[in-house]
Amino acid sequence: MKFDELNLDESVLQALDAMNFQECTPVQEHTIPVILEGRDLIGVAQTGTGKTAAYLLPVLNQLNKGTYPADAINCVIMSPTRELAQQIDQQMEGFSYFMPASSVAVYGGNDGIRFEQEKRGLTLGADVVIATPGRLISHLSMGYVDMSKVSFFILDEADRMLDMGFYDDIMQIVKYLPKNRQTIMFSATMPAKIQQLAKTILNNPVEVKLAVSKPAEKIIQIAYVCYENQKLGIIQSLFRDQTPERVIVFASSKVMVKEVTKAFLRMKLNVGEMHSDLEQVQRDRIMREFKSGRINILVATDIVSRGIDIDDIRLVINYDVPHDSEDYVHRIGRTARANNDGCAITFVSEKEQTLFKTIEDFLGKSIYKIPVPDELGEAPVYAPKSNKEKGGRRRNNHRRRH
């Protein structure tokens, strides 16, 4: 379906045309008409499916009608991370180019000047506020933010927000909102806690559920079955003959990200690290340097696996096996975007074999295993145990924090 087949105003279509957006993604096709009708909505869709536009476009369309109060906050969008908040803000700028809607992004960082800028935007009444929960609560607690006129409340990546422990913060923010509002929630998964949150804050919502999609066919997926202490050697052999460009290396903990980064620096690789221990200024600088090509390799926790929009990632390396299939899809989905080709390599140690087999079962195929380079010695045989053999224990026992 094309955007001009939807009931969108001319100024919205103009912005879409200027940005060369013509065809709707499935999530946009199914959710935009529901939001335009004024219904509450819960959308279950992965990152990379176009869901930011799926809620921004209809909200901007309604705000453009001029029937909402001027100098008041009309829409609040909640984001789990600063990076996603920044990205939503950038898309907001593009989509609202031909209309007078104002916005302010509100996210953490120790910059006092930035806090004052956020305060000014909030007190003047920006049409759209894009915020991380903790930072918005910091402003709300000071008493100068009026959210009594909010018509649209949007939760993006709600499952990630709950994973990060923001449930109480969200409920606290909801208390500041009027009962009579339209609430829109997007989540990549629908666990019980998300269903509970939906029951609490949504009113008779329409549910749009898109199946968890498999990775793009053009991503070449390969694996090395290896011992833990062979992983760095494989990296060295991969990058020996060719300087890497646009590589993201994912690790499942901050400690591992720091260790891998140090090892890469010892190899004289041009590398940066990204995890939640960094200050916002540092994270912004690293992302700028990676996007501009001054850094070739980004070593990161899953903080980067969702919602970071860089189109020309050549290679994704899973330094360790992700804890579930969806995390795997999100991670490798950073490559082969915008019609580019891409490759995803996963290192599978002995203790990670069962996790990896679960991912292969989800994908419905066996991922090609490349032999470990001879100089690194013998590698383990790929012989994963089934979950039954392991007593049915699931990965939820060790869900990590970023």
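**Close-up views of a predicted model**

**View 1. The cysteines C343 and C75 are shown with their surroundings**. C343 has a relative accessible area of 17%, so this residue counts as buried, a word used here for under 20% relative accessible area, with exposed meaning over 50% and partly exposed in between (1.4 Å probe, protein chains only). The structure shown is a predicted model, in which local features need pLDDT of at least 70 and side-chain atom pairs count only at pLDDT 80 or more, while totals for chains, interfaces and linings use all residues. Residues are numbered from 1 along each chain as its sequence is written, and side-chain values use heavy atoms, with hydrogens and water left out. The closest cysteine sulfur to that of C343 belongs to C226 and lies 15 Å away, which is too far for a bond. C75 is likewise buried, because its relative accessibility is 0%, and its sulfur is 20 Å from the closest cysteine sulfur, that of C24, again too far for a bond. A disulfide is a covalent bond between the sulfur atoms of two cysteines; with the criterion of a pair of cysteine sulfur atoms within 2.5 Å, a search of the whole structure finds zero disulfides.

**View 2. Strand β8 is shown with its partners β13 and β14**. Helices (H or I, at least four residues) and strands (E, at least two) are DSSP runs, numbered from the N terminus, and two strands pair if DSSP finds at least two bridges between them. Strand β8 covers residues 219-225, and because six of its seven residues are buried, the strand is largely enclosed by the rest of the structure. Seven bridges join β8 to the parallel strand β13, residues 342-348, and two bridges join β8 to β14, residues 368-369, which also runs parallel to it. The residue I222 stands opposite I345 in β13 and opposite Y368 in β14.

**View 3. An open sheet of seven strands is shown with two helices, α4 and α9**. The strands follow the order β3-β4-β2-β5-β6-β1-β7, with parallel pairing. The edge strands, each pairing on one side only, are β3 (103-106) and β7 (206-209), and the twist from one strand to the next averages 10°. Axes are lines fitted to C-alpha atoms, for helices over the stretch in contact, and angles run from 0 to 180 degrees between N-to-C directions; contact means heavy atoms within 4.5 Å. Helix α4 (residues 82-95) lies across β2 (75-78), β3 and β4 (128-131), and runs at about 155° to β4. Helix α9 (residues 192-201) also packs on the sheet, where it touches β1, β5 (152-155) and β6 (182-187), and its direction makes about 175° with that of β6.

**View 4. The largest nonpolar core is shown around I77**. A nonpolar core is a set of buried Ala, Val, Leu, Ile, Met, Phe, Trp, Tyr and Cys residues joined through side-chain atoms within 4.5 Å. The largest one has 40 residues, of which F3, L8, L16, Y55, L57 and I77 touch the most other members. Its largest share, eight residues, comes from α3. When neighbours within four places in sequence are left aside, I77 is in contact with residues including Y55, I88, V128 and I154.
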